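Hi,

Here is the structure I promised to pass on to you. Have a look at it first, and then read my notes underneath.

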Amino acid sequence: MDERNRGRLTKDGIRIYEAADFAGMHKAGRLAAEILDAVAPMVQVGQSTGALDTAIERMVDEAGAKSATIGYKGYQHASCISVNHVVCHGIPGPKVLKDGDILNIDVTVIVDGWYGDTSRMFVAGKLSRRAERLIQVTHDALFRGIGAVKPSNTFGDIGHAIQSFVEANRMSVVRDFCGHGLGRVFHAPPNVLHYGRPGTGPMLEEGMFFTIEPMVNLGRPETKVLADDWTAVTRDKSLSAQFEHSVGVTAEGCELFTLSPAGRFHPTWT
Ligand code: MF3
Ligand code: CO
Ligand code: CO
């Protein structure tokens, strides 16, 4: 049997994993988080995003793991690095970080066939007050979403928890990209929307594995993809932030697979 077909599917096509599968997800998630912990001190004014990606690729390699993004739909890098008004899928390259730049670094690794997908915000130099507020609201929005993860809640409850919090802070939730199921594949059902109405969407069940990865803009929610076919930016050029965890639903709530072992998930935590 193809190992990717283990377990069963719900009527919405969402895979239900077994208790023993959480260990594999924890191992993959931990590596992704450790790599972001290790890259944190390299995020400095004058550093290029390409050099950060090269370091990430080396760390994936040295861990004996595989990058999920290299070769994915033609993507050629071990990370996405999205600076300032880049919403997601920024391509690492010669661009050099300058004072006050904020950036999301998103890493997905494969360990023993399991996928660990996480991203968080970093800052080069001095964090401005408005960027700090954006980052804080985005981080807290992710945790509002995580707080809604438990059996008998729905995916709409997660989206609503995120959207209502972000909009109460007069910021906007990106609609054009969403979280996703993952496990022994990178992207699987469901689409995890970061907006929605309570009680709508598929029901959560113990054994579901998925990401929550809200993107929040200081301005309007609309995005556009640049001519490189990857880089998504805010249409109004406003600053954007994102945090991502991979989670597994338990009887009580959920486990986070991508917790930072160094306690560095938020850029102002040292
Ligand atoms: N890691 C991203 C996510 O959160 C996906 C990146 S796909 C890539 O789903 F090809 F752009 F790397
Ligand atoms: Co993801
Ligand atoms: Co990701």
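Let's start with the cysteines. The sulfur of C80 has its closest cysteine sulfur in C88, 7.6 Å away, and that is too far for a bond. Keep in mind that this is a predicted model. C80 itself is buried, because its relative accessibility is 10%. Next is C178: the closest cysteine sulfur to its own is again in C88, but at 10 Å, so no bond can be drawn there either. C178 is partly exposed, with 24% relative accessible area. To count as a disulfide, two cysteine sulfur atoms have to be within 2.5 Å, and searching the whole structure turns up zero of them.

Now for the metal. Which residues hold the cobalt ion (ligand 3)? Its protein donors are D106, which gives two OD entries, plus D117 (OD) and E244 (OE), and they lie 2.1 to 2.3 Å from the ion. Along the sequence, these donor residues follow the spacing D-x10-D-x126-E. The six donor atoms around this cobalt ion subtend angles of 58 to 169°, so the arrangement is irregular. For six octahedral donors, the ideal angles would be 90 or 180 degrees.

There is a neighbour too: the cobalt ion (ligand 2) is 3.3 Å from the cobalt ion (ligand 3), and D117 coordinates both. D117 lies in strand β7 (residues 114-123), while E244 is in the loop between β15 (240-242) and β16 (245-249), so the pair ties together parts that are 127 residues apart in sequence. Are these two buried or exposed? Both D117 and E244 are buried.

Cheers

Note on methods: Residues are numbered from 1 along each chain as its sequence is written. Chains are lettered from A and ligands numbered from 1 in the order in which they are written. This is a predicted model: local features need pLDDT of at least 70, side-chain atom pairs count only at pLDDT 80 or more; totals for chains, interfaces and linings use all residues. Side-chain values use heavy atoms; hydrogens and water are left out. Donors are N, O and S atoms within 2.8 Å of the metal (3.2 Å for Na, K and Ca); water is not among the atoms, so sites may look incomplete. Four donors count as tetrahedral if all angles lie between 85 and 135 degrees; four count as square planar and six as octahedral if opposite donors are over 155 degrees apart and all others between 65 and 115; anything else is irregular. Helices (H or I, at least four residues) and strands (E, at least two) are DSSP runs, numbered from the N terminus. Buried means under 20% relative accessible area, exposed over 50%, partly exposed in between (1.4 Å probe, protein chains only).
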